[in-house]
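Dear colleague,

I am handing over the structure we spoke about, and you will find the sequence and the coordinates just below. My notes on what was found follow after that.

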Amino acid sequence: MTAPQGPLPPLVEPGPELTAEEIARYSRHLIIPEVGTVGQRRLANARVLVMGAGGLGSPTLLYLAAAGIGTLGIVDFDVVDRSNLQRQVIHSTADVGRRKTASAAESIAALNPLVRTRVHDLALTADNAVELFSGYDLILDGTDNFATRYLVNDAAALAGKPYVWGSIFRFTGQVSVFYDDAPGGRGRNYRDLYPDPPPPGLVPSCAEGGVLGILCATIGSLMGTEAIKLICGIGEPLLGRLLVYDALAMTQRTVRFGRDPERAAITALADDYEAFCGVARPAVEPADEVTAEQLRAALDSPSPPVLIDVREPVEWEIVRLPGARLVPKGAVTSGSGLGEIPHDADVVLYCKTGVRSAEALLALRAAGLQRVRHLRGGIVAWAEQVDPAMPIY
């Protein structure tokens, strides 16, 4: 294993001399020799862009604001949902329905009015990423899908910017630093660690697999720590290292990785990152779908269809449609659950939002079952259109 390579040069030049208010606010930083007044002036002069005001963005934004980062940019186009509040601590109950960027900016201002916020209510795309990143010194990426992760990586490389990356799932988290233009031959990017995305459906999202809310604080704090180290030029950053944290075992380990010798230089953004990652809604025909209203009518008819729930058992325990049978999607696509699905009756599959049920439908079609359809929009659509009292997770 190679020896630690030490700090990188400071990412940001020091700003103006600190005011009396700043000295009082940041005094605990100022008495740390590695930070001091010069380091705090670097933080005050820094422009940091945080991708997403969600699970990882929330604690990271709060701690970077408290630390005195001069300008915090926030990229998000979502609104606050009640299910976010279990982990997205920058938002409160009163913010449900508001744009996450507005809620986050308000919380930052209440915490530290010395911090400037820039709100970017947009979806990151190949058309806007490089230009957006060029206006910042450092990017922090806590997004939860592979298409955006590869886009962030490539855009950061083209803009010549380092970025801190974090990922969470259930009880585990990962953190690393990527900087394609790092001096001294230390350049690494996300494609060196993950040359190819995983097969579609192999890695569930947090919405499908869940996440321990407090894990976001741990990983978000680690991301914020790496950001401060890069800005001030202190310590050894996680460049060329992947930190893996396991909350259940309360362990962490660090894995070193080098530049992939087969990786081509990044010279342009891909045309379609979702296509690169295999992200596409299963191609089912309109005749293979049933709406919530149509399903309700069918269930009330003299010959109701058989309902098959293709979610996981833990989701089944939360809420289900009356009379349904549980056959998880994995059992459908592997073939092990085919015996539990009638071959001579009308069948309607459903999941949470309709994606997994569509995938299961295609698998059943391939297995020769023809009298199968799926519920478009899943039980979320059922709750919205048929049963507003149904809890949604």
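Leaving aside residues up to four places away in sequence, Q88 touches A53, G54, G55, S58 and K100. This glutamine belongs to the loop between β2 (71–75) and α5 (100–111), and because its relative accessibility is 3%, under the 20% cut-off, Q88 counts as buried. Please keep in mind, here and throughout, that the model is a predicted one.

As for the overall picture, the protein chain has 16 helices and 13 strands, and its C-alpha trace spans about 80 × 50 × 40 Å along the principal axes. Of its 393 residues, 50% count as buried, while the surface that the chain exposes comes to about 18,100 Å², with carbon and sulfur atoms supplying 54% of that area. Among contacts with a separation of 6 or more, 69% are made by residues 24 or more positions apart. On the side of charge, there are 36 positive and 45 negative side chains, and the centres of these two sets lie 4 Å apart.

The aromatic residues deserve a paragraph of their own. The structure holds nine aromatic pairs, one of which is formed by W165 and F178, a tilted arrangement with 6.2 Å from centre to centre and 55° between the planes. That pair links distant parts of the chain, since W165 sits in strand β5 (residues 163–169) and F178 in strand β6 (residues 172–178), 13 residues apart. Are these two rings buried or exposed? W165 has a relative accessibility of 1% and therefore counts as buried, and F178 is likewise buried, with a relative accessible area of 1%. F178 also pairs with F257, again in a tilted geometry, at 6.2 Å centre to centre and with 45° between the planes. Here the partners are 79 residues apart, F178 being in β6 and F257 in the loop between β8 (251–256) and α11 (273–276), and both of them are buried. W165, F178 and F257 belong to one aromatic cluster, whose other members are Y150, Y163, Y190, Y194 and F276.

Two arginines are placed over aromatic rings. The charged end of R118 sits over the ring of Y136, 5.3 Å from its centre, and R149 lies over the face of F146, at 4.8 Å from the ring centre.

Turning to the helices, α3 (residues 36–45) has G36, G39, Q40, R41, R42 and L43 as its buried residues, so you will find two arginines and a glutamine listed there by name. These buried residues of α3 pack against α2 (27–30), α4 (57–67) and α10 (215–232).

Finally, two loop residues other than glycine have a positive phi, which you may wish to look at in the backbone. For R170, in the loop between β5 and β6, phi is near 55°, and because its relative accessible area is 40%, between the limits of 20% and 50%, R170 is classed as partly exposed. For M250, in the loop between β7 (241–246) and β8, phi is near 50°, and at 58% relative accessibility, over the 50% limit, M250 counts as exposed.

With best regards

Notes. Residues numbered from 1 in each chain as written. Predicted model: local features only at pLDDT ≥ 70, side-chain atom pairs only at ≥ 80, totals over all residues. Heavy atoms only, no water. Helix = DSSP H or I, 4+ residues; strand = E, 2+ residues; numbered from the N terminus. Buried < 20%, exposed > 50% of the residue type's maximum accessible area, 1.4 Å probe, protein only. Contact = heavy atoms within 4.5 Å. Areas by Shrake-Rupley, 256 points an atom, 1.4 Å probe, with all protein chains shown as cover. Lys, Arg positive; Asp, Glu negative; His and termini not counted. Charge placed at Lys NZ, Arg CZ, Asp CG, Glu CD. Phe/Tyr/Trp six-rings, centres within 6.5 Å; stacked < 30°, edge-to-face > 60°. Lys NZ or Arg CZ within 6 Å of the ring centre and 35° of its normal.
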